[in-house]
Amino acid sequence: MADSGLLLKRGSCRSTWLRVRKARPQLILSRRPRRRLGSLRWCGRRRLRWRLLQAQASGVDWREGARQVSRAAAARRPNTATPSPIPSPTPASEPESEPELESASSCHRPLLIPPVRPVGPGRALLLLPVEQGFTFSGICRVTCLYGQVQVFGFTISQGQPAQDIFSVYTHSCLSIHALHYSQPEKSKKELKREARNLLKSHLNLDDRRWSMQNFSPQCSIVLLEHLKTATVNFITSYPGSSYIFVQESPTPQIKPEYLALRSVGIRREKKRKGLQLTESTLSALEELVNVSCEVDGCPVILVCGSQDVGKSTFNRYLINHLLNSLPCVDYLECDLGQTEFTPPGCISLLNITEPVLGPPFTHLRTPQKMVYYGKPSCKNNYENYIDIVKYVFSAYKRESPLIVNTMGWVSDQGLLLLIDLIRLLSPSHVVQFRSDHSKYMPDLTPQYVDDMDGLYTKSKTKMRNRRFRLAAFADALEFADEEKESPVEFTGHKLIGVYTDFAFRITPRNRESHNKILRDLSILSYLSQLQPPMPKPLSPLHSLTPYQVPFNAVALRITHSDVAPTHILYAVNASWVGLCKIQDDVRGYTNGPILLAQTPICDCLGFGICRGIDMEKRLYHILTPVPPEELRTVNCLLVGAIAIPHCVLKCQRGIEGTVPYVTTDYNFKLPGASEKIGAREPEEAHKEKPYRRPKFCRKMK
């Protein structure tokens, strides 16, 4: 046993020495350093490994170096050495071994690490062999100079415009993958000449020579550039948000590759930190793309599942995949807490024409139709939620595929509400997610949906086997006349099951705080539209000039709680407000404020901050990025449970002394000063909780 253990130890030491000798022929070690190599600790081996990888990334051909070292050692060997018992090869066998060496050296071997070269301040050149990827964290602008690469499902080819990539800390790291691309039958010399001509307008002579030295057929050459936008500058200007886009390495490095990537604003990450898609996910993506690319293919794809199973990631990947073949994709947002293209608390319909290469707060868009619900959850007010979904869904024109995003609440009443949505929207495909850590959810097959009662719809058996036609909902959905005349029959849907296995850091204990951070980032991203374009410096929000809105020009409504009329203005001041347009005319009132008795279902044109109320002139001071031509049609202000991020109020730059709307002297005995923001008691208690004002002093002028 002792001998076997000794043999194992010697074997591992010798294999380590052989790996060092092959990968770094420059390390000519004597017998004593060779014996010391086996006694290295893990930190020493790690440092040596990084040195070897650095040498390999620099493009050293260690095979040729190893042959030269072996030949030099043979020349220095004395002639009196003991002859080898193995017979020497015959002269006829020598020429046969040469072609094997030449063919082995001439065949293309992909590099383990794609070489990176700095090509100027804030710029780096990345050369990717085919079917290899580059996983990174940070933000950058990617331009494919030669070849074809894919990022988050979207294909970027040579000649296409540059794309802004956001691989941030709050989500999985993104990767740039080199793809196979079709090219005419040309020699390697002709391919090099073609690539050199494409690189002339982007790189200097030395950088082009370096690219041609490392060039191989089917490789892709990518230009990485430093990216700075008004949104990134505005979000990172607040304490605690700078780490989201750029996370520094815990141990500073001096490697050329690290310095080149750092000047761009990114950092290489391990492959396991990147997005990993399961086989069922890839199969579902392929099937949905094929259906959507048919001649008359306009499927309605509803994505459902529990929380934190990858629904939003799947939607982004699917959108990018579809945009490779289609000009646009429609998107219906039904998740109030984690919206994709709007601030939280909204139900919206959007037409997407550009890829989404980052988390939600990096690609906010203007929707075709949007309604402000006012809360991150629809609990205790399901009927209003269903009515809003009907109202927004009525704007869908059925001209492109529709992706429907749903909430992660799939238990108890949430499951019944999901069944109502399936019957209302009549999807052609239902993608159901599940994982090992998710809650149990029954398979939403067409038979199961037909046999189950929803919150507001009955099962097929209780409807006495009547045909479920769209005409029954035509009045509620307000479809066009031609669609009313030829109703579409509900023929069921196809269920696609997807299994995911994400290794993430979200737990039931920190899920709410994590979701709140994402909602705050979406609001900050929306407020960044108030900033001047780059490269002008940032302007504090309190230094911007707000719009003055008379009391009698708009109506007010608190959507999430009942507030006494005497406290309405306290609730509106320093709040996040939805700028809406209702059908009623409010211009006939001489004084104000004008209060609505019920929450209307109306179009929301945007959002703003009521930064002050002038009681003498009876004016609201509204700070919003909505254009003035659209503001002229706004006649309603809705205030919900979505609050302004605390950092906006607490971190106001350039203010000396007392900070507006922030105080430590707060009276918790005031009506509405409760702990839960905008929460309602269960209906069984028959008691509604009063409106809660956040712990900020709201003083009116």
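Leaving aside neighbours within four places in sequence, Leu541 is in contact (heavy atoms within 4.5 Å) with Phe234, Tyr238, Leu527, Leu530, Gln531, Arg611, Leu623 and Val648. The model is predicted, so local features need pLDDT of at least 70 and side-chain atom pairs count only at pLDDT 80 or more, while totals for chains, interfaces and linings use all residues. Residues are numbered from 1 along each chain as its sequence is written, and side-chain values use heavy atoms, with hydrogens and water left out.

Leu541 belongs to the largest nonpolar core, which has 62 residues; together with Phe245, Leu527, Trp576 and Tyr620, Leu541 touches the most other members. A nonpolar core here is a set of buried Ala, Val, Leu, Ile, Met, Phe, Trp, Tyr and Cys residues joined through side-chain atoms within 4.5 Å. Buried means under 20% relative accessible area, exposed over 50%, and partly exposed in between, with a 1.4 Å probe and protein chains only. Helix 17 (residues 511–527) gives the most to this core, with 6 residues. Another core, of 50 residues, lies apart from it and includes Phe134, Ile156, Ile165 and Ile176. In soluble globular proteins, nonpolar side chains tend to be buried together.

Tyr620 leads to strand 22 (residues 619–623), where 5 of 5 residues are buried. Helices (H or I, at least four residues) and strands (E, at least two) are DSSP runs, numbered from the N terminus. Tyr620 and Ile622 point one way from strand 22, and Leu619, His621 and Leu623 point the other way. Strand 22 runs antiparallel to strand 17 (residues 547–550), joined by 4 bridges; two strands pair if DSSP finds at least two bridges between them. In this pairing, Val549 stands opposite Tyr620. Strand 21 (residues 603–614) also pairs with strand 22 in the antiparallel sense, over 5 bridges, and Asp614 has Leu619 as its bridge partner. The hairpin of strand 21 and strand 22 has 4 residues between the strands, and in this hairpin Arg618 takes a positive phi near 55°.

Elsewhere there is an open sheet of 7 strands in the order 13-12-11-14-10-15-16, with mixed pairing. Its edge strands are strand 13 (369–372) and strand 16 (494–499), each of which pairs on one side only. Neighbouring strands of this sheet are turned by 20° against each other on average, direction ignored. Axes are lines fitted to C-alpha atoms, for helices over the stretch in contact, and angles run from 0 to 180 degrees between N-to-C directions. Strand 12 (residues 346–352) and strand 13 run antiparallel and are joined by 4 bridges, with Met370 as the bridge partner of Ser348.

Helix 12 packs on this sheet, touching strand 11 (329–333), strand 12, strand 13 and strand 14 (402–405), and its direction makes about 20° with that of strand 12. Of the 12 residues of helix 12, 10 are buried, among them Tyr382, Ile386 and Phe393. The expected span of a helix is 1.5 Å times one less than its number of residues, so helix 12 (residues 382–393) should span 16 Å, and its end C-alpha atoms are indeed 16 Å apart.

Thr406 is placed in the loop between strand 14 and helix 13 (413–425). Thr406 counts as buried because its relative accessibility is 2%. A polar atom of the Thr406 side chain lies 2.6 Å from the backbone oxygen of Val303.

Note on methods:
Polar contact = N/O pair within 3.5 Å; in protein donor to acceptor, adjacent residues only side chain to side chain.
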